[in-house]
Amino acid sequence: MSEFAELKINDKIYILPIIIGTRGEKAIDISNLRKESGFITLDVGYQNTGTCKSAITFVDGERGILRYRGIPVEELAEKSTFVETAYLLVFGKLPNKTELAKFSASLTESSLIHEDMLNFFNGYPSGAHPMAILSSMVSSLSVYYPDAFHLFEDDIDSDVNVPRLLSKIRTIAAFSYKKSIGEPIVYPRADYSYCKNILNMMFWSYSKPQEPDTFKVKVLEKLLIVHADHEQNCSTSTVRLVGSSKVNLYASICAGICALWGPLHGGANQKVMEMLDKIVEKGYSIDQFIEKAKSKDPNCRLMGFGHRIYKTYDPRAKVLKAVCDEMVKKYGVSEPRLEKALELEEKVLKDDYFLSRNLYPNVDFYSGILFRMLGIPTKMFPVMFAIGRLPGWISQWKELHSTVPFKIGRPRQIYIGPEEAHYIPIEERK
Ligand code: CMC
């Protein structure tokens, strides 16, 4: 195959290099097109635009494949831990025993937040969305750790700043939950693993002083692993774009959290649960709901279905569906939302509207049910997604900063507003 493409505009031919990825993905490099021809490309929603070369995550949406640093997500969900997977994403390889022990120790050492930050929680009204609290708190970390302004310029970055953020995000998340229910906060424990600490900080209380259930800890590990990275999605692209201005890591991650919050992205898990709640509590039939979703009313999409990249079953949803089954078997819970979800999935997968558009369940369809089974309140679902996605954001941010030549992200546009106009004094305006 030739290693360049020809673009003919009017009578002139432009030669454009072709870039081929590890798995044969093909791209036409148009970096110099405007300089040479005066043309830009227009691609609303970036449906057909690559913004970087990346060695972190591979997704094949047609075949339902997701790999971190080459390792299938199913394998990691089964055999790894979230901390090990985070290391893999950020540092590019699985850690050996010494590296993992050192990384885990750094996470433990960094798990507290500055006590002054506890005052911030009191400033939020009750009922504040925990994603608003999380994003503000993460941004606030930048004033407590100004050394992060020089992240990745020397070795302290990997040793200090990465574990610091990974560790503190779960503490902030758990504290915001405790504050929201008016209970005293529970500090992280040095003898607990990353995920065990999350459940302990959220659910341990003086009136119910129970150690987290080992099986539930494992479920949380899997949930976080499947969320850990997903290449250039909306929030990750946001982290890269904001990071490309050379702002500090915390500010870049704060922007990613805000992007993730939206219902078309990481906020979908909350919306899936609210949809299932409505179905169960209001007694809607699944058929009614499906018909409503097909009506094209922008306010009633079937949440948890469809994906920009996956045109088959989302591999993350497959992993989580199996975990749901294990949870039901283990605890014998009858979760009416899960029953409704299964009925919904079965009907959707036979419906022409969804089949013809390749709309399959995505990760958020089952993650919400699992978070619910773990006892996590609905508004906290996107926060759990954010904790899971953090290693991906950090690794993408780190990769961005090692790109040569480094470029600030700055898309172009096609202007369609008025021609040159002039200021009209207010008295003369109609
Ligand atoms: N329910 C009903 N119709 C849908 C849905 C849905 N969930 N998703 C897409 N469609 C239809 C859409 O109306 C359009 O139909 P037509 O071709 O007749 O105009 C067609 O399918 C293509 O949809 P699109 O909006 O052009 O696709 P997109 O790639 O721009 O959007 C999506 C992808 C995820 C935003 C969308 O499928 C959606 O809104 N899904 C529900 C929200 C959701 O579950 N989001 C979580 C995604 S997974 C977590 C993550 O990685 O972010």
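Visitor: How many aromatic pairs does a search of the whole structure find?
Guide: The search covers the whole structure. The model is a predicted one. The number of aromatic pairs found is 16.

Visitor: Y284 and F289 form an aromatic pair; is it stacked or edge-to-face?
Guide: The ring centres of Y284 and F289 are 5.8 Å apart, and the planes stand at 70°. Planes over 60 degrees apart count as edge-to-face, and those under 30 as stacked. The pair of Y284 and F289 is therefore edge-to-face.

Visitor: Is F289 buried or exposed?
Guide: Its partner Y284 has a relative accessible area of 28% and is partly exposed. For F289 the relative accessible area is 10%. Buried means under 20%, so F289 is buried.

Visitor: What is the angle between the planes of F365 and Y366?
Guide: F365 and Y366 form an aromatic pair, with 5.0 Å from centre to centre. Both residues are buried. The pair is edge-to-face, and the angle between the planes is 80°.

Visitor: Which residues do ring pairs link into a cluster with F365 and Y366?
Guide: F365 and Y366 pair with each other. Ring pairs also bring further residues into a cluster with these two. The others in the cluster are F305, Y353 and F354.

Visitor: Which residue lies over the face of Y353?
Guide: Y353 belongs to the cluster linked by ring pairs. At 3.9 Å from the ring centre of Y353, an arginine lies over the face. That residue is R357.

Visitor: How far from the ring centre of Y192 is R189?
Guide: R189 lies over the face of Y192. The distance from R189 to the ring centre is 4.1 Å.

Visitor: Which strands stand at the edges of the open sheet?
Guide: The sheet has 3 strands in the order 1-2-3, with antiparallel pairing. A strand with a single partner has one side left without a neighbour in the sheet, so it stands at an edge. The edge strands are strand 1 (4–9) and strand 3 (26–28).

Visitor: Which residue in strand 3 stands opposite I19?
Guide: Strand 2 covers residues 12–20 and pairs with strand 3 in the antiparallel sense. This pairing runs over 3 bridges. Opposite I19, in strand 3, stands A27.

Visitor: Is N10 buried or exposed?
Guide: N10 sits in the loop between strand 1 and strand 2. N10 has a positive phi of about 55°, although it is not a glycine. The relative accessibility of N10 is 68%, and the cut-off for exposed is over 50%, so N10 counts as exposed.

Visitor: Where is N358 found?
Guide: N358 is not a glycine, yet it has a positive phi of about 55°. At 29% relative accessibility, N358 counts as partly exposed. N358 is found in the loop between helix 16 (352–356) and helix 17 (363–373).

Visitor: With which side chain does the side chain of Q270 make a polar contact?
Guide: Q270 is in helix 12, which covers residues 268–282. At 10% relative accessibility, Q270 counts as buried. Leaving out residues up to four places away in sequence, Q270 touches H129, T378, K379, F381 and P382. The polar contact, at 2.9 Å, is with the side chain of E274.

Visitor: What is the omega of the peptide bond from V404 to P405?
Guide: P405 lies in the segment after helix 18 (381–401). The peptide bond from V404 to P405 is cis, with omega near -5°.

Methods: Residues are numbered from 1 along each chain as its sequence is written. Side-chain values use heavy atoms; hydrogens and water are left out. Rings of Phe, Tyr and Trp (its six-membered ring) pair if their centres lie within 6.5 Å; planes under 30 degrees apart count as stacked, over 60 as edge-to-face and the rest as tilted. Buried means under 20% relative accessible area, exposed over 50%, partly exposed in between (1.4 Å probe, protein chains only). A charge sits over a ring if NZ of Lys or CZ of Arg is within 6 Å of the ring centre and within 35 degrees of the ring normal. Two strands pair if DSSP finds at least two bridges between them. Helices (H or I, at least four residues) and strands (E, at least two) are DSSP runs, numbered from the N terminus. A polar contact is a pair of N or O atoms within 3.5 Å; within protein, one must be able to donate a hydrogen and the other to accept it, and residues adjacent in sequence count only if both atoms are side-chain atoms. Contact means heavy atoms within 4.5 Å.
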